[in-house]
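Reader: I should be grateful for a close look at a single part of this structure. Please choose one residue, describe its surroundings, and then place it in the wider picture.

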Amino acid sequence: CVVSSPFGTATSDGGTLNVGTIPAIVAHPVDANATAGSNVTLNVNATGTAPISYQWQKNGVDIGGSTAATLPLTNVQLADSGNYRCVVSSPYGTVTSNGATLTVGLAPVFTAHPTDLTTILNGNATFSATLSGTAPISYQWQKDAVDINGANAASYTLADVKATHTGTYRMVATSPFGST
């Protein structure tokens, strides 16, 4: 600015105008399931005028030292389950990502395996197993390593047993946290 009067002229120092855009989230972090002891990485992708900074939060509370576009979580445990989001900032504004739910669970583990059975011709035979782990757990029975159509409960009964039923029966248990 130049200021003039009958006694002289003065010119101010220059002021710089910076024009930029506020950050915008291009890709939000997504929900994830993880098996206890595994590693998970959450990501956010943001655009805007630099410099852009990041601050990850769990359940609305800042996570110390988590200031990158990615959040690596190593050796996750059940207590790491929660809602994660990222606050993205620049000199032009701040935006917060959608929350992503991380669910940490335990893979299915047999606490009682199916046992060998002997039955008479035309008799019945019921295989069963017991598992622990984080639900939901789905079951698939197999005969000689081939899926049995419709056999997807914690037990499997053969009615009116024939000689052709002879074989090895096993269960495959699956959850979002693994299978066994």
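Author: The residue chosen here is Gln142, which is found in strand 16. The model is a predicted one, and the description that follows should be read with that in mind.

Let us begin with the residue itself. Gln142 has a relative accessible area of 8% and is therefore buried, since the limit for that word is under 20%. Its side chain takes part in polar contacts with two partners. A contact of 2.8 Å joins the side chain of Gln142 to that of Asp147, and another, of 2.6 Å, joins the side chain of Gln142 to that of Arg170. Leaving aside residues up to four places away in sequence, Gln142 touches Asp147, Ile148, Thr168, Tyr169, Arg170 and Val172.

The strands give these neighbours a setting. Strand 16 covers residues 138-143 and is joined by 6 bridges to strand 19, residues 169-175, with the two strands running antiparallel. One of the residues with a bridge partner in strand 19 is Trp141, whose partner is Met171. Both strands belong to an open sheet of 4 strands in the order 17-16-19-20, with antiparallel pairing. At its edges lie strand 17 (146-147) and strand 20 (178-179), each of which pairs on one side only.

Tyr169, one of the residues that Gln142 touches, leads to the aromatic rings. The count of aromatic pairs comes to 4. In one of them, Phe127 and Tyr169 are stacked, with 4.8 Å from centre to centre and 20 degrees between the planes. Phe127 lies in strand 14 (residues 125-128) and Tyr169 in strand 19, so this pair ties together parts that are 42 residues apart in sequence. Phe127 is buried, at 10% relative accessibility, and Tyr169 is likewise buried, at 10%. Ring pairs link Phe127, Trp141, Tyr156 and Tyr169 into a cluster. Trp141, mentioned above for its bridge partner Met171, thus appears again as a member of this cluster.

A charged pair may be set beside this account. Side chains of opposite charge can pair when their charged atoms come close. The count of salt bridges comes to 1: the side chains of Asp160 and Lys162 meet at 3.2 Å, N to O. Asp160 is partly exposed, at 39% relative accessibility, and Lys162 is also partly exposed, at 36%. Gln142, by contrast, is buried.

Note on methods. Residues are numbered from 1 along each chain as its sequence is written. This is a predicted model: local features need pLDDT of at least 70, side-chain atom pairs count only at pLDDT 80 or more; totals for chains, interfaces and linings use all residues. Side-chain values use heavy atoms; hydrogens and water are left out. Two strands pair if DSSP finds at least two bridges between them. A salt bridge is a side-chain nitrogen of Lys or Arg within 4 Å of a carboxyl oxygen of Asp or Glu. Buried means under 20% relative accessible area, exposed over 50%, partly exposed in between (1.4 Å probe, protein chains only). A polar contact is a pair of N or O atoms within 3.5 Å; within protein, one must be able to donate a hydrogen and the other to accept it, and residues adjacent in sequence count only if both atoms are side-chain atoms. Contact means heavy atoms within 4.5 Å. Rings of Phe, Tyr and Trp (its six-membered ring) pair if their centres lie within 6.5 Å; planes under 30 degrees apart count as stacked, over 60 as edge-to-face and the rest as tilted.
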